[in-house]
Amino acid sequence: MNLLIDIGNSRAKWAWWDGAELAGEGAPYSGGAIKAVFEQIGAGGASPDSIVAVSVAGAAVDAELAAWCVARFRLAPMMVKSQPAGYGITNGYARAERLGADRWTAMIGARQRTTDAVCVVDCGTAITLDFLDAAGRHRGGLIAPGIAAMRRALYKSAAGIADEGEGEQTPLATDTPSAVTAGTLYAAAAFVDRARAGMEQRVGASVRALITGGEATVLAPLLQGPFEAAPDLVLEGLAAIAREAQ
């Protein structure tokens, strides 16, 4: 049994993987609350044969995770880092290590699903898009603020717009909270749609698209092109890494 852990900037997901099925859960966190997430992961009492993890939460959280894994399971986690090539894909960054490890892992997951050209969209604290061609070459990607980050930036920068909570999602808002809610959602959707269209223009063909991340279910209904929901895509990538490491 393998324990797979994906730690983002504000949410952690984990799964127990027996070589065939993923049994996963997730939880938001902030600040020191990551320790509570670790306790949730270990609450079931199972003991893994290996632990494979990817984290973009910084060195301090990575160190906490490693210490907890050793204390709880007497196992050090295998921490995934972006590589120049591996698992059927080639990193498009000149400095491979500068590509976010979560993006690298999501593309590994995408490659397990398809060998077609694919656009991987991850909607979390940031919205990232990465393009893999049919040969598995990472042709590059884009990063934009996530929906919540856009809203925080607006509240901070515009003196006349206060954070009044979530508004309605409506094409034409008649109150400020709804205008902010809908406006940022449409901005994110337009970014994703335009970026995908640009990828298709570049290759002269349609591109399969997978969407993952905590905000995927909110954003997906507003997108014009067909998108395939892949909520556990990073965990699927971790499973592929765990399989090869065995």
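1. Starting with the smaller story in this predicted model: the lining of the second largest pocket splits by class into five nonpolar and five charged residues, with no polar ones. The residues in question are I147, A148, R151, R152, Y155, D163, E166, L185, E215 and V218. About 160 Å³ of space lies in there, and α4 is the top contributor to the lining, with five residues.

2. On to the largest pocket, which comes out at about 850 Å³. Its lining takes in 38 residues, and the ones closest to the centre are D122, C123, G124, G213 and G214. By class, that lining has 17 nonpolar, 11 polar and 10 charged residues.

3. Where does the lining of the largest pocket come from? The elements that put in two or more residues are the strands β2 (11-17), β8 (118-123), β9 (126-132) and β11 (208-212), along with the helices α3 (101-113), α4 (147-157), α6 (216-219) and α7 (233-245). Note that α4 turns up here and also in the lining of the second largest pocket.

4. Now for helix α2, which runs over residues 59-73. With 15 residues, α2 reaches 21 Å from its first C-alpha to its last, close to the 21 Å expected at 1.5 Å a residue. Just after the helix, R74 takes a positive phi of about 60 degrees, worth a glance when you look at how α2 ends.

5. Which residues of α2 are buried? They are V61, D62, L65, W68, C69 and F73. Looking down the axis of α2, these buried residues fall within an arc of 130 degrees, so they line one face of the helix. Turned away from that buried side is a face carrying the exposed residues A59, A60 and A71.

6. As for what sits against the buried side, the buried residues of α2 pack against the helix α1 (34-42) and the strands β1 (2-7), β2, β4 (50-55) and β5 (78-79). So far as β2 goes, there is a link back to point 3: β2 is among the elements lining the largest pocket, and the buried residues of α2 pack against β2 as well.

7. A last remark on A63, which has its place in helix α2. Is A63 buried, exposed or partly exposed? At 47% relative accessibility A63 counts as partly exposed, because that class runs from 20% to 50%. For a sense of distance, A63 and S178 are 115 residues apart in sequence and 41 Å apart in space, taken C-alpha to C-alpha.

Note on methods
Residues are numbered from 1 along each chain as its sequence is written. This is a predicted model: local features need pLDDT of at least 70, side-chain atom pairs count only at pLDDT 80 or more; totals for chains, interfaces and linings use all residues. Side-chain values use heavy atoms; hydrogens and water are left out. On a 1 Å grid over the protein atoms alone, a cavity is a set of points where a 1.4 Å probe fits but cannot get out, and a pocket is an open set with protein on both sides within 12 Å along at least five of seven lines; lining residues have an atom within 4 Å of a point. Grid points are joined across faces, edges and corners, and a volume is the space filled by probe spheres set on the points. Helices (H or I, at least four residues) and strands (E, at least two) are DSSP runs, numbered from the N terminus. Ala, Val, Leu, Ile, Met, Phe, Trp, Tyr, Cys and Pro count as nonpolar, Asp, Glu, Lys and Arg as charged, and the others, Gly among them, as polar. The expected span of a helix is 1.5 Å times one less than its number of residues. Buried means under 20% relative accessible area, exposed over 50%, partly exposed in between (1.4 Å probe, protein chains only). The arc is that of the directions from the helix axis to the C-beta atoms. Contact means heavy atoms within 4.5 Å.
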